[in-house]
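Dear colleague,

Here is the structure I said I would pass on. My notes on it follow below.

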Amino acid sequence: MPAVRGKNIEVLFPAEAIASRNLELASQIASRGLEGLLVVSVLKGSFIFAADLIRAMHGAGLAPEIEFILVSSYGAGTTSGEVKVLRDIDASVAGRDVLVIDDILESGKTLKFTRDLILGRGARSVRIAVLLDKRGRRQIELEADFVGFECPDRFVVGYGMDAGHFFRELPFVGVIEEDAG
Ligand code: IMP
Ligand code: MG
């Protein structure tokens, strides 16, 4: 079990499993025949997943334009949680097919907000790809179009995802173990 910052990390999704799942997701995405695709990576948590997925998409024959949006949710996990754009995309989305990439779909608030924002600007279609789906924690009815893995209801880190701004660099997804005492 790897130790990082003095904590043991239980690996849930190893790097190799993520890499081969990304290839499958990329060919699913390519099979939809999306033209002039615009990818919107939701920062910060999706940056590694997006970086790997777009390279897998290249291998599947896609040549998307890439944008980034930084959103933050306040009171995540509560029904009053609201989402704000902290750094917007630059590209116009009008008439375009858009693929929003995020790390985890949990309550659904972040991705519903992001999808509605892009649809409201006149996108032709908005599809959603997430590495992990925490289905058990959904508060808003929302399904991703492309899901890497179903995720147990545990707080995960690594592969872009953080706990207190650390652990994003881990090449796998795992759970921080409690101190042995
Ligand atoms: P929601 O779907 O709006 O509830 O929010 C999902 C967002 O919360 C994700 O994009 C992550 O940034 C964050 N998040 C949810 N669960 C976890 C976790 O287990 N580890 C790290 N970040 C998480
Ligand atoms: Mg996020």
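Gly-61 is exposed, with a relative accessible area of 64%; that value puts Gly-61 in the exposed class because the cut-off is over 50%. Gly-61 sits in the loop that runs between helix 2 and strand 4 (65-74). Its C-alpha lies 9.1 Å from that of Ala-26, although 35 residues separate Gly-61 and Ala-26 in sequence. Please keep in mind that this is a predicted model.

Two other loops have backbone features worth a look. The peptide bond from Leu-43 to Lys-44 is cis, and its omega is near 5 degrees. Lys-44 belongs to the loop between strand 3 (38-43) and helix 2.

The loop between strand 8 and strand 9 holds Tyr-159 and also Phe-167. Phi is positive at Tyr-159, near 50 degrees, and this residue is not a glycine. Phe-167 likewise has a positive phi without being glycine, in its case near 80 degrees. Are these two residues buried or exposed? Tyr-159 counts as buried because its relative accessibility is 4%, and Phe-167 counts as buried because its value is 6%. The cut-off for buried is under 20%.

On the fold as a whole, the protein has 3 helices and 9 strands. Read from the N terminus, the order of elements is β-β-α-β-α-β-β-β-α-β-β-β. The C-alpha trace spans about 55 × 40 × 25 Å along its principal axes. The radius of gyration is 16 Å, which agrees with the value near 16 Å that a compact globule of 181 residues would have.

Of the 181 residues, 45% count as buried. Contacts between residues at least 6 apart in sequence are joined across at least 24 positions in 68% of cases. The accessible surface comes to about 8800 Å², and carbon and sulfur atoms account for 52% of that area. As for charge, the protein carries 21 positive and 26 negative charges, and the mean positions of the two sets are 3 Å apart.

Now the interior. Which residues have the most contacts inside the largest nonpolar core? They are Ile-29, Leu-53, Met-57, Leu-99, Leu-131, Leu-132 and Val-173, in a core of 29 residues. At least two residues of this core come from each of helix 1 (15-30), helix 2 (47-59), strand 6 (97-105), strand 7 (125-133), strand 8 (146-150) and strand 9 (173-176). Helix 2 gives the largest share, with 6 residues.

Leu-99 is a useful residue to display with its surroundings. Leaving aside residues up to four places away in sequence, Leu-99 touches Ile-29, Leu-37, Leu-38, Val-39, Val-40, Met-57, Arg-127, Ile-128, Ala-129 and Phe-146. Two of these partners, Ile-29 and Met-57, are also named among the residues with the most contacts inside the largest core.

There is also a second core, separate from the one above, with 21 residues. Val-40, Val-98, Val-126 and Ala-144 are among its members. Val-40 is therefore a residue of the second core, under the rule that a core is a set of buried nonpolar residues joined through side-chain atoms within 4.5 Å, and Val-40 is in contact with Leu-99 as well.

Regards

Key:
Residues are numbered from 1 along each chain as its sequence is written. Chains are lettered from A and ligands numbered from 1 in the order in which they are written. This is a predicted model: local features need pLDDT of at least 70, side-chain atom pairs count only at pLDDT 80 or more; totals for chains, interfaces and linings use all residues. Side-chain values use heavy atoms; hydrogens and water are left out. Helices (H or I, at least four residues) and strands (E, at least two) are DSSP runs, numbered from the N terminus. The radius of gyration is taken over C-alpha atoms; the globule rule is 2.2 Å times the number of residues to the power 0.38. Buried means under 20% relative accessible area, exposed over 50%, partly exposed in between (1.4 Å probe, protein chains only). Contact means heavy atoms within 4.5 Å. Accessible areas come from the Shrake-Rupley method with a 1.4 Å probe; for residues, only the protein chains shown count as cover. Lys and Arg count as positive and Asp and Glu as negative; His and the chain ends are not counted. The place of a charge is taken as NZ of Lys, CZ of Arg, CG of Asp or CD of Glu.
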